[in-house]
Amino acid sequence: MNMVSPKTAAEEALGVSLPHRRMEEWKWTDLRRLITTPYGKAEAKASVREVDRLIAAAPLAGVKAGRIVFVNGELDAARSNVPSRPSNALIVSPDDSVVEISNRLQAQGITLTLDGNTDTPIEILHITTDATPRAIAVRHTFEVTAGASATIVETFLGEGDYLSTAVVNIAIGEGARFDRIKVEAESAKATHLAHTIVTLGKNAVLRDFTITSGAALNRQNGTYTFAGQGADAKVSGSYLLQAEQHADTRLVIDHAVPHCTSRELFKVVMDGHSRGIFQGKVIVRPNAQKTDGKQSSHALLLSETAEFDAKPELEIYADDVVCGHGATSGDLDHDHLFYLMSRGIPKAEARSLLVAAFVGEAIETVDHEGIREALLAFAQERLSS
Amino acid sequence: MLEIKNLHVKLDGESREILKGLTLSVKPGEVHAIMGPNGSGKSTLSYVLSGREGYEVTDGSVTFKGEDLLAMEPDKRAAAGVFLAFQYPIEIPGVATMQFLKVALNAQRKARGQKDISAPDFMRHVKEKAARLNIGQDMLKRPVNVGFSGGEKKRAEILQMAVLEPTLCVLDETDSGLDIDALRVVADGVNALRSPDRAMIVITHYQRLLDYIVPDKVHVLSDGKIVKTGGKELALELEANGYADFAVKAA
């Protein structure tokens with residue numbers, strides 16, 4: 001039994017107990033110690049000018065898409081051009097700290113039923129303006145109906161000091177295809193906590209890519225469950241971390257049925273004193289024969305003081321499966337650098353070319369050309385700043 | 001164009017010298033072959049000229065067009081006109097060959113105070129050079145050297161050379177690992193670049209390459225020094241007698 005510690009100011013403000021390092025899943029990301037600001041619910045007035053400025057600065061602002069805009073956690077109907085319904089279902093499962101915080105904050109959001117086959121993405125843009133430190137919580141539900149295909153981008157950006165939580169529940173119907181792109185470009189002072197819960201139906205296809213770049217502290221959980229045979233999920237991501245940034249992703253891929261394929265690919269670039277963590281758990285249930293699950297995480301450490309930890313976990317209860325994982329971390333390859341320089345490319349340019357190529361491998365998993373190119377440009381800009 | 005005087009080189013952190021007083025003078029338009037047995041210092045010479053880290057010059061000098069080449073970073077050497085065709089070209093995942101060529105060419109142009117080449121001019125320039133080397137669009141789209149066969153890598157090196165138009169080409173064992181047909185294609189590509197303003201140093205173990213790229217001068221490198229210099233007939237002599245004579249003298 002752990003001793004019951006007195007609640008921290010942040011816990012008092014949020015009304016929850018925050019997870020801490022003695023909990024296995026949180027050992028690298030001790031929220032009780034890391035969240036020091038007492039974030040509570042608070043009203044914030046945002047001027048038209050600052051909202052417009054942030055919208056224009058969004059990494060995918062140039063991509064043709066339908067848009068739904070949230071400002072300080074509330075739907076801005078006037079700036080949105082895609083119809084949606086309020087999200088009402090309270091998410092209780094999985095039993096998870098981020099979900100608990102979100103529920104406690106009475107997260108608001110939308111439900112989108114995606115039943116068409118369109119190439120035009122929908123971007124849900126979450127803007128947080130600079131005001132008193134506060135907690136903002138959104139909760140969305142996406143239902144992709146059988147045979148449908150859709151692309152949704154979730155973008156988070158802001159200024160100032162705040163806690164942003166995002167819980168997203170996604171159900172992908174039989175034979176449907178869902179492309180999800182998440183852009184975490186929060187304020188450098190912000191904390192971003194997320195949990196994404198995905199269920200894949202028979203023969204469903206998921207392409208999920210997250211770029212993690214902005215927040216001081218980021219924890220993203222994902223629970224992906226194969227509920228129908230023949231489904232295929234590719235979950236990838238890049239971190240672009242510098243200074244004191246801390247980012248931790250924990251994914252659980254649950255192969256509950258046979259004949260499903262999962263791929264996880266994370267490419268992490270870290271500079272300064274940043275800290276990156278990737279925890280990937282793959283569960284193969286006893287009847288989930290012919291499961292094909294692979295996971296890899298690779299970190300590029302640009303400074304001596306950056307640190308990357310990877311924790312792959314395979315829980316396999318079926319005997320006819322192909323599962324594997326790999327993790328690497330290291331510096332830029334000196335031979336690569338010399339080769340580029342020997343062709344006349346100055347060192348700084350050669351370095352950024354190699355770093356961009358490194359994260360590019362994960363970004364290349366994004367199918368939509370316009371989004372992919374905007375992400376590559378965004379990564380390049382972040383890496384050269 | 002290139003003046004190497006009494007060059008002494010050792011590996012960083014080691015005491016044994018690899019080059020022990022190498023002297024070589026190359027004029028514009030000339031093709032020099034440097035031949036020698038394994039371990040004679042051939043590759044070290046090529047890396048020292050291109051500025052690879054890990055080597056320490058303990059004595060001597062290298063001047064290129066009147067400038068101290070050893071004081072320049074590798075990218076500055078390239079912009080000044082030095083090109084090394086690697087014996088083992090490096091694979092660069094994630095960087096498309098076409099993009100790499102463009103970035104390299106424009107970086108060199110910028111260093112020389114020229115404007116970026118226009119996209120259509122660049123495409124024309126590369127396509128023309130690639131066709132001569134049997135390099136198709138498919139290869140140009142692939143990441144640099146990734147998954148290329150041995151022959152493709154060597155052709156890609158020569159393509160880079162043709163696109164970047166250096167004034168001093170150093171070819172380090174460009175013939176290694178090539179069959180006779182691939183060797184011909186590569187040699188044709190090299191010969192097409194011969195010009196009165198451009199010099200070449202062809203480093204090789206075997207005489208075979210010199211049937212296709214006919215040198216003006218042949219030097220024998222043994223134990224870190226040039227021990228004999230002659231015309232192209234010296235290569236044939238080496239082919240007949242081997243390096244044994246020189247190894248004995250050097251010992």
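The legends below walk through several close-up views of this predicted two-chain model.

**Figure 1. Confidence in the complex and in chain B.**
Before zooming in, here is how the predictor rates its own work. The complex receives an ipTM of 0.94 and a pTM of 0.84. Chain B has an average pLDDT of 92, and 98% of its residues score at least 70. Within chain B, helix α2(B) has the highest confidence, at 97, while helix α10 (residues 244–250) of chain B has the lowest, with a mean of 61. Where pLDDT is low, predicted coordinates should not be read in detail.

**Figure 2. The side of chain B that touches chain A.**
This view turns to the place where the two chains meet. Here 21 residues of chain B are in contact with 17 residues of chain A. Four elements of chain B each give two or more residues to this side: α2 (74–80), β7 (92–96), α3 (97–111) and α6 (150–164). Helix α3(B) supplies the largest share, with five residues. By residue type, the chain B side breaks down into 13 nonpolar, four polar and four charged.

**Figure 3. Helix α5 of chain A and its surroundings.**
Helix α5 (residues 334–341) of chain A is mostly covered, with six of its eight residues buried. Look for His336(A), Leu337(A), Phe338(A), Tyr339(A), Leu340(A) and Met341(A), the buried residues of α5(A). These buried residues pack against elements from both chains: α6 of chain A, along with α2 and β7 of chain B.

**Figure 4. Helices α6 and α7 of chain A, packed side by side.**
Helix α6 (residues 347–363) of chain A packs with helix α7 (residues 369–384) of chain A at an angle of about 140°, and their axes are 10 Å apart. The two helices, α6(A) and α7(A), make a right-handed crossing. From α6(A), the contact takes in Ser352(A), Val355(A), Ala356(A), Val359(A), Gly360(A) and Ile363(A). Facing them from α7(A) are Arg372(A), Leu375(A), Leu376(A), Ala379(A), Gln380(A), Leu383(A) and Ser384(A). Sorted by type, the residues of this contact are eight nonpolar, four polar and one charged.

**Figure 5. Trp28 of chain A and its contacts from elsewhere in the sequence.**
Trp28(A) sits in the loop that joins α1 (9–14) and α2 (31–34) of chain A. Is this tryptophan, Trp28(A), buried or partly exposed? Trp28(A) is partly exposed, because 18 other C-beta atoms lie within 10 Å, whereas a buried residue needs 20 or more. Leaving aside neighbours within four places in sequence, Trp28(A) is in contact with Asp248(A), Ile277(A) and Asp309(A). Asp248(A) is 220 residues away from Trp28(A) along the chain, yet their C-alpha atoms are separated by 7.8 Å.

**Figure 6. A four-stranded sheet in chain B and its β1–β2 hairpin.**
Chain B contains an open sheet of four strands in the order β2-β1-β4-β5, with antiparallel pairing. Strands β2 and β5 (67–68) of chain B form the edges, each pairing on one side only. Strand β1 (residues 2–11) of chain B pairs with strand β2 (residues 17–26) of chain B over seven bridges, in the antiparallel sense. Two places to look along this pair are Val9(B), whose bridge partner in β2(B) is Leu19(B), and His8(B), which stands opposite Lys20(B) in β2(B). The hairpin of β1(B) and β2(B) has five residues between the strands, and Gly13(B) has a positive phi near 80° there.

**Figure 7. Helix α1 of chain B, lying across the sheet.**
Helix α1(B) lies across β1, β2 and β4 (55–64) of chain B and runs at about 65° to β4(B). Helix α1 (residues 42–50) of chain B is mostly covered, with eight of its nine residues buried. Those buried in α1(B) are Lys42(B), Thr44(B), Leu45(B), Ser46(B), Tyr47(B), Val48(B), Leu49(B) and Ser50(B). Just after α1(B) comes Gly51(B), which has a positive phi near 90°.

**Figure 8. The crossing of helices α3 and α6 of chain B.**
The axes of α3(B) and α6(B) come within 10 Å and cross at roughly 35°, and this crossing is right-handed. Helix α3(B) brings Thr97(B), Leu101(B), Ala104(B), Leu105(B) and Gln108(B) to the contact, and α6(B) brings Ala156(B), Gln160(B), Val163(B) and Leu164(B). The residues of this contact comprise six nonpolar, three polar and no charged.

Terms used. Residues are numbered from 1 along each chain as its sequence is written. Chains are lettered from A and ligands numbered from 1 in the order in which they are written. This is a predicted model: local features need pLDDT of at least 70, side-chain atom pairs count only at pLDDT 80 or more; totals for chains, interfaces and linings use all residues. Axes are lines fitted to C-alpha atoms, for helices over the stretch in contact, and angles run from 0 to 180 degrees between N-to-C directions. A crossing is left-handed if the near helix is turned anticlockwise from the far one by less than a right angle, and right-handed if clockwise. Two residues are in contact if their C-beta atoms, placed from the backbone, lie within 7 Å. Ala, Val, Leu, Ile, Met, Phe, Trp, Tyr, Cys and Pro count as nonpolar, Asp, Glu, Lys and Arg as charged, and the others, Gly among them, as polar. A residue is buried if 20 or more other C-beta atoms lie within 10 Å of its own, exposed if 12 or fewer, and partly exposed in between; C-beta atoms are placed from the backbone. pLDDT is the predictor's confidence in each residue, from 0 to 100. Two strands pair if DSSP finds at least two bridges between them.
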